[in-house]
Amino acid sequence: MRINKKVLELRQTLGITQGEFTEGVVSTPTLSRVERDENPLSANALVKILKNKNISVIEFLQEFSPVLFGIKDYQKQLLSYFLNQDLPKLKELAKKIPSKHGLLTYLVQDMVLTLEGSPVKNEDRSYKILKGIDKFNDALLWCVLVSVKIYKNKNWNMVVDKVLDIKNIYKISQKTKVLLIQIATECLFNTEDTFTRDAANELLQKLSIVEKE
């Protein structure tokens, strides 16, 4: 069912657990069956969950991309401010991101702390979320890229291996290719794990071949 798939994609993009996603609307086992496409989610439950996450039903029922709660709009600006070390603008934009947006909220908090020169506080929480994800869309690839940049004490081998294991590399979009190149490059120059660096190097070689064809 398309709705079930979109429910799973939304929760993963928000970077929150099944319990946090439902917040008492339905049980975790019920949501698990929905995400495995074994049972439908009732319209009433869906409306309540979306309302709790400040997402309109109309947006959700449209193509999934607009439902990324402005993630794509936020992310481009956030990374630009972070790389340019523009702390005032980063803080200002951070205020516009609802606190319920899980992984994105954690990362933005730590981007601010990094520019301030303060210890990050969501490293383990962000790592646990990313480690538990099997399928990465562009919004989540952005989260991986930022995480590799700011959480330098973590071994990203398990996460990056899944990200870099692209089965249909000839079918991905140009934007996805750019994100993968950025992640791979970051891993090559800022990680010490040999396996992660080897995987990153292999991906760059594959992408180079794709670009030439």
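This is a guided tour of a predicted model, taken selection by selection.

**The whole chain.** Begin with the protein in a cartoon view, where you will find 13 helices and zero strands, so that the run of elements from the N terminus on is α-α-α-α-α-α-α-α-α-α-α-α-α under the assignment by DSSP runs. Of the 213 residues in the protein, 46% are buried. If you draw contacts between residues at least 6 apart in sequence, 65% of them join residues at least 24 apart.

**The N-terminal helices.** Select helix α1 (residues 2-14) together with helix α3 (residues 28-35), whose axes come within 8 Å and cross at roughly 115°. Showing side chains here brings up Asn4, Val7, Leu8 and Arg11 on the α1 side, which meet Leu31, Val34 and Glu35 in α3. The residues of this contact divide into four nonpolar, one polar and two charged.

Continue along the chain to Asp37, which is placed in the loop between α3 and α4 (43-52). Asp37 has a positive phi of about 65° although it is not a glycine, and at 39% relative accessibility it counts as partly exposed.

**A second backbone stop.** Now select Gln85, found in the loop between α6 and α7, which also deserves a look at its backbone: its phi is positive, about 55°, although Gln85 is not a glycine. Is this residue buried or exposed? Gln85 is exposed, with a relative accessible area of 64%.

**Helix α10.** Select residues 138-150, the 13 residues of helix α10, which at 1.5 Å a residue should span 18 Å; the end C-alpha atoms are 19 Å apart, which agrees. Just before the helix, Asn137 caps the N-terminal end of α10, with a side-chain oxygen 3.2 Å from the backbone nitrogen of Ala139. If you colour the helix by accessibility, 13 of the 13 residues of α10 are buried, so the helix is largely enclosed by the rest of the structure.

**The cores.** In soluble globular proteins, nonpolar side chains tend to be buried together. The largest nonpolar core in this model has 45 residues, and of these Leu78, Leu130, Phe136, Trp142 and Val163 touch the most other members. Elements that give two or more residues to this core are α6 (71-83), α7 (87-94), α8 (102-116), α9 (123-131), α10, α11 (157-164), α12 and α13 (194-212). Which element gives the largest share of this core? That share, nine residues, comes from α10.

Centre the view on Leu130, and leave out residues up to four places away in sequence: Leu130 then touches Leu103, Phe136, Cys143, Val144, Ser147, Trp156, Val159 and Lys162. A second, separate core has 15 residues, including Val7, Leu31, Ile49 and Ile55; of these, Val7 in α1 and Leu31 in α3 also belong to the helix contact visited earlier.

**Towards the C terminus.** Select Asn157, whose place is in helix α11, and which is buried, with a relative accessible area of 17%. Setting aside residues up to four places away in sequence, Asn157 touches Asp193, Phe195 and Thr196.

End with helix α12 (residues 174-190), whose 17 residues reach 24 Å from the first C-alpha to the last, close to the 24 Å expected at 1.5 Å a residue. The buried residues of α12 are Thr176, Lys177, Leu179, Leu180, Ile183, Ala184, Glu186 and Cys187, and showing them as sticks completes the tour.

Note on methods
Residues are numbered from 1 along each chain as its sequence is written. This is a predicted model: local features need pLDDT of at least 70, side-chain atom pairs count only at pLDDT 80 or more; totals for chains, interfaces and linings use all residues. Side-chain values use heavy atoms; hydrogens and water are left out. Helices (H or I, at least four residues) and strands (E, at least two) are DSSP runs, numbered from the N terminus. The expected span of a helix is 1.5 Å times one less than its number of residues. Buried means under 20% relative accessible area, exposed over 50%, partly exposed in between (1.4 Å probe, protein chains only). A polar contact is a pair of N or O atoms within 3.5 Å; within protein, one must be able to donate a hydrogen and the other to accept it, and residues adjacent in sequence count only if both atoms are side-chain atoms. Axes are lines fitted to C-alpha atoms, for helices over the stretch in contact, and angles run from 0 to 180 degrees between N-to-C directions. Contact means heavy atoms within 4.5 Å. Ala, Val, Leu, Ile, Met, Phe, Trp, Tyr, Cys and Pro count as nonpolar, Asp, Glu, Lys and Arg as charged, and the others, Gly among them, as polar. A nonpolar core is a set of buried Ala, Val, Leu, Ile, Met, Phe, Trp, Tyr and Cys residues joined through side-chain atoms within 4.5 Å.
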